[in-house]
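This report describes the burial of one helix and the arrangement of one sheet. The sequence and the structure are shown first.

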Amino acid sequence: MKEKILVTGGAGYLGSNLVPELLNNGYEVTVIDNFMYKQNSLAHVCAHPDFRVVKGDVRIPATMQPLLKEADIIIPLAALVGAPLCSRDPVGATTTNRDAIFWMLDNLSKDQKVLMPTTNSAYGSGDENNFCTEDSPLNPISHYAVEKVEVEKRLMEHPAAISFRLATVFGMAPRMRIDLLVNDFTYRAVYDRFVVLFESHFKRNYIHNRDVTRAFLHGLKNFSTMKGQIFNVGLSDANVSKKELCQVIQKHVPAFTFLEAPVGKDPDQRNYIVSNAKIEKTGYKPIYSLDAGIKELVKGFTMISNTKYGNV
């Protein structure tokens with residue numbers, strides 16, 4: 001008997017890579033998405049007999065109740081993701097990112113499994129050395145990170161749950177996001193050849209979109225030993241500053257230049273070095289390097305021009 005997985009927001013940046021792999025691994029997959037970006041990112045799996053798609057809003061109990069009832073596993077990806085979007089629509093962010101998850105957790109049986117992405121942006125700036133493990137104190141700064149911390153606390157009260165604190169994700173996907181830091185800087189390198197850096201020494205950790213998919217598959221296959229725990233998911237050799245990131249991009253786009261601004265603040269005040277040793281001890285290792293991801297993005301952005309207006 002195949003296990004049934006419900007993926008909320010499954011047509012988004014993470015889901016558009018994850019859902020096909022879940023199907024390839026023998027799961028029955030139902031996706032609910034409101035398709036707010038008018039994407040057709042799952043068109044390539046519509047022919048699969050074990051795939052079902054529902055257009056709907058995760059905040060509506062009447063829509064969600066029957067879908068939850070039949071699911072063995074839930075992967076809740078539906079969210080307004082990132083500090084800028086949450087600041088622009090704080091009500092939509094809270095009702096989707098927090099309230100809908102609280103309702104979902106209240107309506108699950110103790111045997112239903114939940115594997116959920118949270119965020120390592122909750123660390124803020126880490127300790128005096130900016131170093132963070134899963135046991136480090138949390139210091140969320142943005143609306144998005146604050147509510148992700150609240151959700152993770154509730155999630156860990158569920159007896160069959162795993163939290164993946166994702167590093168900043170990068171890489172191509174059928175439903176693309178250009179606003180993420182690596183993706184954004186690479187896009188600017190390809191099209192603008194220039195970027196201004198505020199607080200260029202600030203460090204973050206990064207992870208490829210496809211390695212996020214691999215983390216979820218790893219969690220599903222090792223659920224009995226990983227449940228009830230929180231895991232950082234990132235590249236251990238990619239705790240890099242914004243300046244160092246630009247230097248890697250420059251290797252692939254030699255005409256790219258960057259200027260370190262002497263004044264001004266980055267509105268996103270994250271600055272940390274993250275340990276991913278805990279998940280690596282379970283046998284999980286990322287396979288997509290930062291360098292390979294940037295090379296991939298340069299090819300991808302050759303096909304994408306992120307402009308709605310204009311003749312060129």
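## Helix H11: buried and exposed residues

In this predicted model, the buried residues of helix H11 are Leu290, Gly293, Ile294, Leu297, Val298, Gly300 and Phe301. Buried means under 20% relative accessible area, exposed over 50%, and partly exposed in between (1.4 Å probe, protein chains only). Viewed down the axis of H11, these buried residues fall within an arc of 165°, so they line one face of the helix; the arc is that of the directions from the helix axis to the C-beta atoms. Lys295 and Lys299, on the other side of H11, are exposed.

The buried residues of H11 pack against strand S8 (168-170), helix H6 (181-191), strand S10 (203-208), strand S12 (239-241) and helix H9 (242-252). Contact means heavy atoms within 4.5 Å. Helices (H or I, at least four residues) and strands (E, at least two) are DSSP runs, numbered from the N terminus.

## The parallel sheet

Seven strands form an open sheet with parallel pairing, in the order S3-S2-S1-S4-S5-S7-S11. Strand S3 (51-55) and strand S11 (229-233) each have a single partner strand, so one side of each is left without a neighbour in the sheet. Strands pair if DSSP finds at least two bridges between them. Strand S5 (residues 113-119) is joined to strand S7 (residues 161-166) by six bridges, and Val114 stands opposite Ala161 in S7.

## Basis of the model

Residues are numbered from 1 along each chain as its sequence is written. Local features need pLDDT of at least 70, side-chain atom pairs count only at pLDDT 80 or more, and totals for chains, interfaces and linings use all residues, while side-chain values use heavy atoms, with hydrogens and water left out.
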